[in-house]
Amino acid sequence: DMQSVLTQKNYSTLLFSTQNKVSNERAVLQGLLHQSVGGLIVEGSKTALPNPNLDLYEKLSLAGIPVIFIHGCYSALPDAVCVSDDNYGGGYQLTRRLITRGHTKIAGIFKSDDIQGHQRYLGFLSAMRDAGLPIPDDQTLWYSTEERRYLLDYGHSELLEHFMQFYLKDCSAVICYNDEIADRLIRGLLNAGRKVPGDVSVVSFDNSYYSDLCPVRITSLAHEAHQLGRLAANLLLDKIYGRPCQSQS
C-alpha cells in the first residue's frame with residue numbers, strides 16, 4: 001500500500017527488516033544516513049522501551065530527511081508523526097464484548113516491549129474498571145520479543161503452559177495481544193482438554209490468517225484494510241513537500 005502511493009509520485013522504495021531489534025535498527029539507520037533517501041517510514045523497534053538510536057533520528061532530522069512512524073513511536077520523540085491503530089479503543093471494545101456476554105473474570109496476555117501492548121492493556125483495564133470489576137493484576141501475563149521467538153519459532157510452550165496453570169485459574173475468558181498468541185493458546189487449551197469457547201472464550205487483535213488456520217475460529221478485531229499504509233505514505237509525501245501534517249490513528 002505504501003509502495004503504490006509512492007510509486008505514483010516517482011519514488012522507488014527500499015525495505016529493511018529490524019526483526020524488532022534495536023541493534024538491527026541502528027545498523028539500518030546508520031546505512032541510510034549515507035544514502036540519498038527522500039524519507040523514511042519506520043516501524044520502531046521495542047517502542048515501549050528506552051531506545052539507544054535517538055541520536056540517529058536526530059541526525060536524520062538535521063539532514064532534512066523526514067520520518068513517519070507506523071504503529072507506535074518512541075516517547076522520547078514527542079513531536080514525531082505517527083500513524084497507528086486505536087489500540088486503547090480496541091482493547092476496551094474487546095473487553096466490553098466479553099463483559100456483555102457475562103464474563104466477569106477475564107485474563108490477558110500482552111506484549112511488554114511494544115507500545116501497542118501497553119495501549120491494548122490499558123483499554124482492557126479501563127473496561128474492567130468501568131464495569132465495576134476487579135483489576136486483574138494476577139491474571140495478566142506479559143511477554144517479550146525474545147519470548148515470542150522461543151514460543152513461535154522454536155516451539156517452546158512453557159510460557160503458555162505456565163499461563164494456563166497459574167494465570168487462568170477460574171477465568172472464563174482471555175484477551176490476547178494478537179492472533180498468533182491466541183492461536184497457540186487455543187491449541188494449548190484444546191490439548192489440555194478444555195473447550196473453546198465452551199470453557200474459555202478467547203478474543204484477539206488483527207483478524208489475520210491465524211484465525212482461519214486455528215482449530216477454533218478466533219474472535220479478532222480487524223484493522224481497516226490498506227488505510228494505514230496509504231496514510232503513512234501520504235503523510236511522508238506531505239513532509240517531503242513541506243506541507244503540515246500530524247499524527248493520526
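The expected span of a helix is 1.5 Å times one less than its number of residues. The exercises below use a predicted model.

**Exercise 1.** Compare the span of helix α8 (residues 179-191) with the expected value.

Solution. Step one: α8 has 13 residues. Step two: at 1.5 Å a residue, the expected span is 18 Å. Step three: from the first C-alpha of α8 to the last, the model gives 18 Å, close to expectation.

**Exercise 2.** Find which residues of α8 are buried, and state what phi G193 takes just after the helix.

Solution. Step one: buried means under 20% relative accessible area. Step two: the residues of α8 that are buried are D179, E180, I181, A182, D183, L185, I186, G188 and L189. Step three: just after α8, G193 has a positive phi of about 85°.

**Exercise 3.** Decide whether strand β4 (residues 106-111) is largely enclosed or not, and explain why.

Solution. Step one: on one side of β4, I106, G108 and F110 are buried. Step two: on the other side, A107, I109 and K111 are buried, so both faces are covered. Step three: because 6 of the 6 residues are buried, β4 is largely enclosed by the rest of the structure.

**Exercise 4.** Identify the strands that β4 is joined to, with a residue pair for each.

Solution. Step one: β4 and β6 (residues 173-176) run parallel and are joined by 4 bridges; I109 has C176 as its bridge partner in β6. Step two: β4 and β5 (residues 140-143) also run parallel, with 4 bridges between them, and F110 stands opposite W142 in β5. Step three: together with helix α5 (residues 115-130), β4 and β5 form a right-handed β-α-β unit.

How values were computed:
Residues numbered from 1 in each chain as written. Predicted model: local features only at pLDDT ≥ 70, side-chain atom pairs only at ≥ 80, totals over all residues. Heavy atoms only, no water. Buried < 20%, exposed > 50% of the residue type's maximum accessible area, 1.4 Å probe, protein only. Helix = DSSP H or I, 4+ residues; strand = E, 2+ residues; numbered from the N terminus. Pairing = 2+ DSSP bridges. Right-handed = clockwise from strand over helix to strand, strands pointing away.
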